[in-house]
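User: I would like to learn how to read a protein model one feature at a time. Could you give me the general idea first and then the case in front of us?

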Amino acid sequence: MLVKLSGALKLKRCLGLPLNILIEPTADCNYKCLKCPRQYGYKDDGLIEGTRNISFERYKRVIDEIGDTLISLRLWHYGEPFLNKDIFRMIKYANQKNIITAVSSNLSLLDKNMAEKLIDSGLDYLLVTFDGATAETYNRYSRKDAFHTVIGNIDALLKTRRQKGKKAPLVELQFIIMKENENEIGEMKKIADRLNPDKLSYVMLAPKNGPDVLYDEMPKESKYRMPLAEINRIKSCCLPWEEAVVRYSGLVLPCSNDVLQAYRMGELFHDKDDSFKNIWNNALYRRFRERAAGDINGIDICLNCGKRDNNDHGHVRIL
């Protein structure tokens, strides 16, 4: 309630800790997706102790500090989470603190052993990115010849879940609508009917908030384009008060939309006294909240953003 009150009153200092947090397990990825900012201006902090993975010990420091008040934890950002060997351990540790856990993955790396470990870890939600209903289109957008592999992995995971008598993780297939796949929406529905995941969502692009190449990938049908005018009429956003991003390096960002890391709120892990709580209400964070409460369209990462106030304008429909 303190967090919600802080957002409602547009206080520069948040009276509580974030309700939701995104921690990046790794900055490495085995895909080179056309739509991914990794290919266009994406920033990272290079190797940290020889890796772009967050260690379990550093992850644990964050969860131990703020986990008692967290509602949800998203374990992703711009890497493939299953490249971090500690991902199952991370999920289980958060679940022990009754934190709702979610992972977003291309699911190309899953095998039977990993499927069992994923289910046994207690993961609550799995988002599988899948942007083509044919191998040709999938390969074009993912730049990875893995269409049939991923379909097989989704099927195997859902079968393993049923065999174990579990209902979690809930599995969502996410299909981002672009020029070369908008005619495959119906076919994607057939694939989902066959695999029977818990949800199929169609998502729209906001090219003015992304790399220039995405202008060429906008769907021809206007109904599949994000309604930017409608989005920008929303003059507020709760996320600066309710969420935060912790990158693998320890860098804290106010939103996952900050691809260029222009709004660096602070850095963790440099010494044993680094504290998320100190960063959460430092001068940089207070200034960012003040700007968001004033002219949100004046913040470049907020302009045309479909995440405002968690209204989810990016989703066309969910089946």
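User: Where in the chain does P169 lie, and what kind of peptide bond joins A168 and P169?

Analyst: Please keep in mind that this is a predicted model. P169 lies in the loop between α6 and β5 (170-176). As a general idea, most residues other than glycine have a negative phi, and most peptide bonds are trans. Here the bond that joins A168 and P169 is a cis peptide bond, with omega at about 5°.

User: Which phi does N196 have, and where is N196 found?

Analyst: Phi of N196 is near 60°, which is a positive value in a residue other than glycine. N196 sits in the loop between α7 and β6, and N196 is exposed, with a relative accessible area of 51%. F269 also has a positive phi, of about 80°, although F269 is not a glycine. The loop that holds F269 runs between β9 (266-267) and α10 (276-280), and F269 counts as buried because its relative accessibility is 7%, where buried means under 20%. A further case is N98, just after α3, with a positive phi of about 60°.

User: How should I describe two helices that pack together, and at what angle do α5 and α6 pack?

Analyst: Two packed helices are described by the angle between their axes and the distance between the axes. In this model α5 and α6 pack at an angle of about 100°, and their axes are 9 Å apart. That angle makes α5 roughly perpendicular to α6. On the α5 side the residues that meet the partner are A135, Y138 and N139, while on the α6 side they are F147, H148 and V150. Sorted by class, this contact has four nonpolar, two polar and no charged residues.

User: What is the angle between helix α6 and helix α7, and which residues meet there?

Analyst: Helix α6 (residues 147-163) and helix α7 (residues 185-195) pack at an angle of about 35°, with 10 Å between their axes. From α6 come F147, I151, I154, D155 and L158, and these meet I191, R194 and L195 in α7. By class, the contact has six nonpolar, no polar and two charged residues.

User: Which residues of helix α3 are buried, and what covers them?

Analyst: The general idea is that an α-helix has 3.6 residues a turn, so residues three or four places apart point the same way. In helix α3 (residues 87-96) the buried residues are I87, F88, M90, I91, Y93 and A94. Among the elements that cover these buried residues are α2 (56-66), β2 (72-75), β3 (100-105) and α4 (112-121).

User: Is R247 buried or exposed, and what does R247 touch?

Analyst: R247 is placed in the loop between β7 (243-246) and β8 (251-253). With a relative accessibility of 1%, R247 counts as buried. Leaving out residues up to four places away in sequence, R247 touches E24, A27, Y42, K43, D44, I54, H77, L253 and Q261.

User: How many cavities of 30 Å³ or more does the structure hold, and what lines them?

Analyst: Rolling a probe the size of a water molecule over the atoms shows where empty space is left. The structure holds two cavities of 30 Å³ or more. The largest cavity has a volume of about 90 Å³, and of the 13 residues that line it, the closest to its centre are C237, L239, C255, C302 and C305. This lining has ten nonpolar, one polar and two charged residues. The second largest cavity holds about 60 Å³ of space and is lined by Y31, C33, K35, T129, F130, D131, Y138, Y141 and S142. Helix α5 (residues 135-142) gives the largest share of that lining, three residues. Divided by class, the lining of the second largest cavity has five nonpolar, two polar and two charged residues.

User: How far apart are P227 and N304 in sequence and in space?

Analyst: P227 and N304 are 77 residues apart in sequence, and their C-alpha atoms are 8.7 Å apart in space. P227 is found in the loop between β6 and α8, and P227 counts as partly exposed at 25% relative accessibility.

Note on methods. Residues are numbered from 1 along each chain as its sequence is written. This is a predicted model: local features need pLDDT of at least 70, side-chain atom pairs count only at pLDDT 80 or more; totals for chains, interfaces and linings use all residues. Side-chain values use heavy atoms; hydrogens and water are left out. Axes are lines fitted to C-alpha atoms, for helices over the stretch in contact, and angles run from 0 to 180 degrees between N-to-C directions. Helices (H or I, at least four residues) and strands (E, at least two) are DSSP runs, numbered from the N terminus. Contact means heavy atoms within 4.5 Å. Ala, Val, Leu, Ile, Met, Phe, Trp, Tyr, Cys and Pro count as nonpolar, Asp, Glu, Lys and Arg as charged, and the others, Gly among them, as polar. On a 1 Å grid over the protein atoms alone, a cavity is a set of points where a 1.4 Å probe fits but cannot get out, and a pocket is an open set with protein on both sides within 12 Å along at least five of seven lines; lining residues have an atom within 4 Å of a point. Grid points are joined across faces, edges and corners, and a volume is the space filled by probe spheres set on the points. Angles under 35 degrees count as roughly parallel, over 145 as roughly antiparallel, 65 to 115 as roughly perpendicular and the rest as oblique. Buried means under 20% relative accessible area, exposed over 50%, partly exposed in between (1.4 Å probe, protein chains only).
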